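Open the model in your viewer and keep the selection panel at hand. The tour moves from one selection to the next and says what is found at each stop.

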Amino acid sequence: MARIFLPPELLIPEQITITGDVARYLSLVLRVKLGDHLIVFDGSGFKYDCTILKSHKKEVIAEKIKKEPYSVESNISITLAQGIAKGEKMDLIIQKATELGVSKVIPLITEHSEVRHTEKINRWRKISLSASQQSGRDKVPQIDEPVSYKVFLYPSLEEGKGGSLKTGLIFSESRKERNLKQALKGFQNIKQITLLVGPEGGFSKEEITAAVEKGFIEVSLGPRILRTETAPITAISIIQYELGDIG
Ligand code: SAH
């Protein structure tokens with residue numbers, strides 16, 4: 001089943017005209033044909049069942065059949081603040097975090113980051129859009145511009161941004177006490193949580209101390225050291241199970 005996102009203003013007429021990249025994606029990649037079923041999400045809580053009237057790489061026309069409210073979004077908004085991982089690992093993290101229902105990813109440049117500059121933001125946004133479509137999400141996670149760890153923790157350092165304290169966890173492989181379950185018990189009714197995961201080189205001691213001073217709880221994901229891409233996938237799954245919509 002083809003699933004796409006379109007902005008609400010394109011969804012006003014009974015017959016929707018789709019052009020550009022989305023038309024190419026539908027006709028050349030998904031190969032939709034006359035009479036096929038198409039589901040369109042408007043990104044603000046509605047889903048449209050449509051039938052394809054025309055499929056061409058330059059223009060796809062679909063007729064709206066039914067509009068209904070739709071949401072598969074979690075009751076908890078999860079922000080993943082992730083030390084930028086090398087190569088294709090960050091792509092994997094963005095894709096899996098989207099499937100698992102995060103609201104936002106903040107790529108972080110930390111003390112031990114090997115990646116200190118990246119042009120990959122548009123690529124990551126595309127990955128997040130296509131993973132949202134594939135997994136039937138009705139909202140596409142926001143992928144922020146990369147930010148330094150300091151600016152993330154003390155947003156007032158960056159002009160125009162006010163600093164607000166975050167409810168959050170910082171994951172550390174050197175944490176010996178297994179306190180994640182207990183930490184989550186204290187978070188039963190929260191609506192938002194921020195997860196901090198380090199890059200390949202992990203967080204420095206100073207980074208962990210600074211986060212803890214800002215109110216983050218330092219937690220462990222068990223006695224084995226997980227790779228930087230395994231850690232967020234594990235952490236988000238656990239949070240959705242304990243506080244969100246996996247159950
Ligand atoms: N530099 C470290 C590994 C860092 S792993 C080493 O090789 O010794 C990358 C990130 O994954 C860490 O910063 C942490 O946020 C997370 N992580 C990995 N294993 C973890 C564990 N067992 N508990 C909590 N966090 C973990």
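Select S55 and V60: S55 stands opposite V60 in strand β5. The model on screen is a predicted one, so read each stop as a description of that prediction.

Now extend the selection to β4, residues 46-55, and to β5, residues 60-69. These two strands pair in the antiparallel sense, over 9 bridges. They form a hairpin, and 4 residues lie between them.

Keep β4 and add β3, residues 37-41. β3 and β4 also run antiparallel, joined by 5 bridges. To find one such pair, pick V40, whose bridge partner in β4 is Y48. This hairpin too has 4 residues between its strands. One of the residues to pick in this hairpin is G43, which takes a positive phi near 75°.

Next, hide the hairpins and show β6, residues 77-83, with β7, residues 104-109. Here the pairing is parallel, with 5 bridges between the two strands. Pick T79 to see one pair: its bridge partner in β7 is K104. How many of the 6 residues of β7 are buried? The count is 5, so β7 is largely enclosed by the rest of the structure.

From there, go to the largest nonpolar core, which has 34 residues. Select I78, L169, F171, I193, L195, I236 and I239, the members with the most contacts inside this core. Colouring by element of secondary structure shows where the core comes from: β6, α2, β7, α3, β10, α5, β11 and α7 each supply at least two of its residues. For orientation, α2 covers 89-99, β10 covers 168-171, α5 covers 180-185, β11 covers 192-197 and α7 covers 230-242.

Centre the view on L195. Not counting residues up to four places away in sequence, L195 touches I78, T79, L80 and A81, together with L169 and F171, and also A235, I236 and I239. Apart from the largest core lies another, of 16 residues. To locate this other core, select L6, A23, V32 and A62, which are among its members.

Two polar side chains come next. Select T98, in helix α2. Is T98 buried or exposed? At 0% relative accessibility, T98 counts as buried. Leaving aside neighbours within four places in sequence, the contacts of T98 are S128, A131, S132, R137 and P141.

Then select Q133, in helix α3, residues 121-134. Q133 has 7% relative accessibility and therefore counts as buried, the cut-off being under 20%. Which residues does Q133 contact, once neighbours within four places in sequence are left aside? They are R3, I4, F5 and Y25.

Finally, zoom out and show the whole protein chain. The chain has 7 helices and 12 strands, and its C-alpha atoms fill a box of roughly 60 × 40 × 35 Å along the principal axes. Of the 247 residues, 46% are buried. Among contacts between residues at least 6 apart in sequence, 71% join residues at least 24 apart.

Switch to a surface view for the last stop. The protein chain exposes about 12900 Å², and carbon and sulfur atoms supply 52% of that area. Colour by charge to see 35 positive and 31 negative side chains; the centres of the two sets lie 3 Å apart.

Note on methods: Residues are numbered from 1 along each chain as its sequence is written. This is a predicted model: local features need pLDDT of at least 70, side-chain atom pairs count only at pLDDT 80 or more; totals for chains, interfaces and linings use all residues. Side-chain values use heavy atoms; hydrogens and water are left out. Buried means under 20% relative accessible area, exposed over 50%, partly exposed in between (1.4 Å probe, protein chains only). Contact means heavy atoms within 4.5 Å. A nonpolar core is a set of buried Ala, Val, Leu, Ile, Met, Phe, Trp, Tyr and Cys residues joined through side-chain atoms within 4.5 Å. Two strands pair if DSSP finds at least two bridges between them. Accessible areas come from the Shrake-Rupley method with a 1.4 Å probe; for residues, only the protein chains shown count as cover. Lys and Arg count as positive and Asp and Glu as negative; His and the chain ends are not counted. The place of a charge is taken as NZ of Lys, CZ of Arg, CG of Asp or CD of Glu.
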